[in-house]
Amino acid sequence: MALDMSDKFLPPVVIVGSERSGTNLLRALLSTHSKIASPPPAGFIDALGGIQFRYFPSGRPARLSELIDDVVALTKTHLNPWDIHLDSEAIKTKLKKASLWDVFRVVNESYAKEYGRPCWCSKEPGLFNHISEIAEYLPDAKFVYLVRDGRDVALSLLRGHLHAFHVYFAAEYWASTQRSCLNALADPAHSAKIHLLKYENLIANPGDVVKDLMRFIGLEFETAQLEFYRDEKVLDHSKRSRFWKNLGRPINGQNKGMYKDYLGFKNIEIFESVAWAEMKALGYPLVTSDRRLFTNFDIRLYRAIAFLRRTLWSMDPRAEGVKIRARVKATRKIINRVMA
């Protein structure tokens, strides 16, 4: 059911946090609300956020149509592509400003309108890098900062061959993400718009945590949200990748602290030494008593190990691996063209 053109959208919800922190679970809990629509994360902010200025040489929107086409293309190449038709020309006519963030607004509103829901929620990877920009362009946006114990995040990243191919770089990624979010949370201009949510609390007590979250968003809690795993769209999402299979099951309150059994003490020591300050700031107890210092040789060694692991992964013959590499190739092609 499409929204009437006179309907006003509610303040959007923007999920920020590192990958493998439970953001897909959070998206499922929100998207099954009768008033919230949340498109699958397409990766276009991660790909284009850092190079958006390239579309606007000398401050002019010289490549605006190209930007819109690239965003639309990326919504189609993901493992879980958007299931609505996005027309580039129609998007352009709805823009209030020539910017990536207004394109971001329009495509999400288009998705919400298609599903007849007055509120949209985005969990695009990389949004944590742009909290101030989003708050400027979308002043009524509400941010949900989801954090999970970084050691469990690192374990999941390494097991899934996602981005970081050594615990040192997984720790750098996690720590950097938390710094961006914590800095925004500490900023009086943004703090009232940000809701900090710990993954461990969410899975331990989902009912109360989701009710509290919905109060922040400004919508009534619906019991169907806790049965997200029965939702047709969530189930479809869960079947598209091994990384999302848990979306087809009830919340597992025991899914935490897995790093203790599988990450290994040496890797835990490396992770905690890199993310020491962020772990302490977020109240995660440290296993190691002293913070290790890394030499240039250590880092070069970790980089070499990561390179070898990445090379081996690039030969993964499984269908999902082939699809992921095709996605990466398509994204790089866009980035390289824009950077040229």
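A residue counts as exposed when its relative accessible area is over 50%, as buried when that value is under 20%, and as partly exposed in between. These words are used in the legends below, and the model shown is a predicted one.

**Figure 1. Helix α16 has a buried side and an exposed side.** Helix α16 contains 21 residues. The distance from its first C-alpha to its last is 30 Å, close to the 30 Å expected at 1.5 Å a residue. Seen along this helix, the buried residues are Glu 320, Gly 321, Ile 324, Arg 327, Thr 331, Ile 334 and Val 338. These residues lie on the same side of α16, because they cover an arc of only 155° around the axis. Ala 319, Lys 329, Arg 332, Lys 333 and Asn 336 are on the other side of α16, where they are exposed. A general rule helps in reading the view: an α-helix has 3.6 residues a turn, so residues three or four places apart point the same way.

**Figure 2. Arg 337 forms salt bridges with Glu 66 and with Asp 70.** What is the N to O distance in the salt bridge between the side chains of Glu 66 and Arg 337? It is 2.9 Å. Glu 66 belongs to helix α3 (residues 64-77) and Arg 337 to helix α16 (residues 319-339), so this pair ties together parts that are 271 residues apart in sequence. In the salt bridge between Asp 70 and Arg 337, the closest N and O atoms are 2.5 Å apart. This pair, too, links distant parts of the chain, with Asp 70 in helix α3 and Arg 337 in helix α16, 267 residues apart. Are Glu 66, Asp 70 and Arg 337 buried or exposed, or partly exposed? Glu 66 has a relative accessible area of 24%, so it is partly exposed. Arg 337 is also partly exposed, because its relative accessibility is 35%. Asp 70 has a relative accessible area of 6% and is therefore buried.

**Figure 3. Asp 212 and Arg 215 form a salt bridge within helix α10.** The side chains of this pair meet with an N to O distance of 3.7 Å. Asp 212 is partly exposed, because its relative accessible area is 35%. Arg 215 has a relative accessibility of 60%, so it counts as exposed. Both residues lie in helix α10 (residues 206-217), 3 residues apart, which is about one turn of the helix. Elsewhere, Arg 63, Glu 66, Asp 70 and Arg 337 are joined into one network by salt bridges that share partners. Across the whole structure, a search finds 14 salt bridges.

**Figure 4. Strand β1 and the loop that follows contain Val 13 and Arg 20.** Val 13 is found in strand β1. Its relative accessibility is 1%, so Val 13 counts as buried. The C-alpha atom of Val 13 is separated by 4.5 Å from that of Cys 121, although the two residues are 108 residues apart along the chain. Where does Arg 20 lie? Arg 20 is in the loop between β1 (13-16) and α1 (23-31). Phi of Arg 20 is near 65°, a positive value in a residue other than glycine. Arg 20 has a relative accessible area of 21%, and it is therefore partly exposed.

**Figure 5. A search of the whole structure finds 1 cavity of 30 Å³ or more.** The largest cavity has a volume of about 70 Å³. Its lining includes Ile 15, Val 16, Gly 17, Ser 18, Glu 19 and Thr 23. Among the other lining residues are Lys 123, Glu 124, Pro 125, Gly 126, Leu 127 and Phe 128. By class, this lining has 5 nonpolar, 4 polar and 3 charged residues.

**Figure 6. The second largest pocket is lined by 15 residues.** About 360 Å³ of space lies in this pocket. Which residues of the lining lie nearest the centre of the second largest pocket? They are Lys 96, Arg 105, Glu 109, Leu 138 and Asp 140. Helix α5 (residues 100-114) gives the most to the lining, with 3 residues. The lining has 8 charged and 7 nonpolar residues, and no polar ones.

Methods: Residues numbered from 1 in each chain as written. Predicted model: local features only at pLDDT ≥ 70, side-chain atom pairs only at ≥ 80, totals over all residues. Heavy atoms only, no water. Helix = DSSP H or I, 4+ residues; strand = E, 2+ residues; numbered from the N terminus. Buried < 20%, exposed > 50% of the residue type's maximum accessible area, 1.4 Å probe, protein only. 1 Å grid on protein atoms, 1.4 Å probe; cavity = no way out; pocket = protein on both sides within 12 Å on 5 of 7 lines; lining within 4 Å. Points joined across faces, edges and corners; volume = space filled by probe spheres on them. Nonpolar A, V, L, I, M, F, W, Y, C, P; charged D, E, K, R; others polar. Salt bridge = Lys/Arg side-chain N within 4 Å of Asp/Glu carboxyl O. Expected span 1.5 Å × (residues − 1). Arc of directions from axis to C-beta.
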